[in-house]
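Student: I would like to learn how to read salt bridges and burial in a model, and then how to read a contact between helices. Could we work through some cases together?

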Amino acid sequence: MSEPTRILAVDDSRSTLEVLKRNLEPEGYEVYTCERVDEALPLLEDLAIDLVITDYRMPQATGMDLIRHVRANYPDMEIMMITGYPSIPGAVEAIKDGAGEYLAKPFTTEELLSAVERIVEKQARRRVFCSPATPPDNFGIIGMSPEMDQVFQRIGKAAATDANVLISGDSGTGKELVARAVHYNSARRTASFVPVNCTAIPDSLVESELFGHVKGAFTGAKDGRAGFFEIANGGSIFLDEIGDASPNMQAKLLRVIQSKEFCKVGSSRVHTVDTRILAATHKDLRRMVDEGSFREDLFYRINVVDIRVPPLAERGDDVLVLVNHFLNKFSKAMHRTPPRITDEALAVLGGFGWPGNVRELENLIQRLVVIVDHDPIDVADLPDPMRFCLSSVSGGNRSLADVESEHIRHVLAMTGGNKTRAAEVLGINRKTLREKLKRMEGE
Ligand SMILES: Nc1ncnc2c1ncn2[C@@H]1O[C@H](COP(=O)(O)OP(=O)(O)OP(=O)(O)O)[C@@H](O)[C@H]1O
Ligand SMILES: [Mg+2]
C-alpha cells in the first residue's frame, strides 16, 4: 500500500478547517491544520506534506506569501488556494499561476474532493514520470507494472531452461525484445541469435533460406550458402511472425525441429543442428489450429513455454515511465537536455489507447524530440488524433449534457475503455465519471 497523502490546511477560519478535515479524512487523507502562515512553516519542514490547502486572505501573511514560500522551497509540493473573493481582478489568475488549483468558497464536498483528487492524481503521475531517473533494467526492457513483472518472470524461467518459447502479443508490444532477452540470458548467449521473418520468405526459397544450399544446387547458385539453422547452431533461432508461415514452411520447420537434422538443397548429406526455437506471433495460433490453417503438431512443438506480452494500454503507469525513458534516450542521442512536458500533455499521453503500442509511443517521442523546438512540450504539440479526441466535440444547437456525453464517449474510446485514465483526461474523479456514465445509460 502506498503512503496516505498528507494535507496541510491553513485558514484563519476554524470552521473552514473543520469542514476540510471532516470531508477529507474519511477519504483516507491525513489532514493537518493551522490557523496562521507562520505556524505552517515548521509543519511544512517536518511533516513531508504532499498538498497545502490555503486560504487567500488571512491576517498577517497571506496565502500568496505561503505559496511563494512553498514554490521556492518544496518543488514537489502541490498547492490549492481557497478563496472567498474569486472576483477580485487578477486574483484568480495569480492564484492559478502559483497554486495550480483554486476553489471558491462556498464549495460543495464533491467540488472539494474532485479538486483534491485531481491534484493527487497529477502528482502521482508526475512522480511516476520523473522517477526513477534510470528505470529498473529487466533484461533491458522498461516496465514496472505487475503485467510486465509477469513477463519478466517468464523470461527468467525460459532463459534458465532450453525449452522452445512462443511469444504472443500485438504489433509493437516488444516481442522481439523478449526473444532477445531470453537468448542473451540463456546458456546459449555466446552463440548466435538468428532472426527469421517468416513473412518475408517466398515459398520457392524456404528450403534454401532455412537450410542453405551447396554450390550448383540450382541455376545461379554459383557458391554454396549456409542457411539460418546452420548459423543458429548452438544458439537460438527467432521465427518471427510464425503465424504467417506457409504450409510448406510449416512442414519443413516441423521436420527440422523433430529430427534436429536437415540437408542443404542440392546435397543428401545430413547435418545435425542444436538450436533453440523462439517464435513470435501477433495472431491467435490456437484459433488458427482450430481453423486448420496452422499445424497442431508444430504448435505443440513451439508452444512449450508461452509468454504473452500485454498491450501498452494494459500496463498502467508504464506509459509514463516509457515516455520519460524515450525522452531521455532520444535527447541524449541528439546531445540535448531532455525537454520538459506539461502535466496536461502527460495526462493525454497517459490516457491514450496506444493501438500501435510501444513502437507508436517510441516513434512519437522521437518525433517530438526532433521537431518541437520550444520547452515544455504541451498538448498542442501532440498529433491530431490525440488532440482531436480531446476537442472534437462541436457545439451547434445541442444541449450541454449531449455534448458532455459525446466527449466522455470519445475519451473512453481513446483510453480503450479504461475509466481511471478517462477520468484523468477529463479532469474529474472516478466517482463523478461513474455517476455521469450511469446518467448516460439512462438517457
Ligand atoms: N518495454 C520496452 N522498453 C523499451 N523499449 C521497448 C519496450 N517494448 C518495446 N520497445 C521498443 O519498441 C519497438 C518495438 O518493439 P519490438 O520490435 O520488439 O515489437 P514487436 O512486438 O516485435 O512488434 P511487431 O509485432 O510489429 O514485430 C522497438 O524499438 C523496441 O526496442
Ligand atoms: Mg517484431
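Tutor: Let us begin with a single residue, bearing in mind that this is a predicted model. Partly exposed covers the range between under 20% relative accessible area, which is buried, and over 50%, which is exposed; Glu207, at 31% relative accessibility, therefore counts as partly exposed.

Student: With which residue does the side chain of Glu207 meet in a salt bridge, and is that partner buried or exposed?

Tutor: The partner of Glu207 is Lys252, with a distance of 3.8 Å from N to O, and Lys252 is buried because its relative accessible area is 16%. Since Glu207 lies in helix H8 (residues 206–211) and Lys252 in helix H10 (residues 247–259), the pair ties together parts that are 45 residues apart in sequence.

Student: Which parts does the salt bridge between Arg439 and Glu404 tie together?

Tutor: The closest N and O atoms of Arg439 and Glu404 are 3.2 Å apart, and, because Arg439 belongs to helix H19 (residues 430–442) and Glu404 to helix H17 (residues 400–414), the parts that they tie together are 35 residues apart in sequence. Arg439 counts as partly exposed at 34% relative accessibility, and Glu404 counts as partly exposed at 27%.

Student: How do the axes of helices H2 and H3 cross?

Tutor: The axes of H2 (residues 37–46) and H3 (residues 63–73) come within 10 Å and cross at roughly 20 degrees, which means that H2 is roughly parallel to H3. The contact involves Val37, Ala40, Leu41 and Leu44 of H2, together with Leu66, His69 and Val70 of H3; six of these residues are nonpolar, one is polar and none is charged.

Key:
Residues numbered from 1 in each chain as written. Chains lettered and ligands numbered in written order. Predicted model: local features only at pLDDT ≥ 70, side-chain atom pairs only at ≥ 80, totals over all residues. Heavy atoms only, no water. Axes fitted to C-alpha atoms, helices over the stretch in contact; angles between N-to-C directions. Helix = DSSP H or I, 4+ residues; strand = E, 2+ residues; numbered from the N terminus. Parallel < 35°, antiparallel > 145°, perpendicular 65-115°, else oblique. Contact = heavy atoms within 4.5 Å. Nonpolar A, V, L, I, M, F, W, Y, C, P; charged D, E, K, R; others polar. Salt bridge = Lys/Arg side-chain N within 4 Å of Asp/Glu carboxyl O. Buried < 20%, exposed > 50% of the residue type's maximum accessible area, 1.4 Å probe, protein only.
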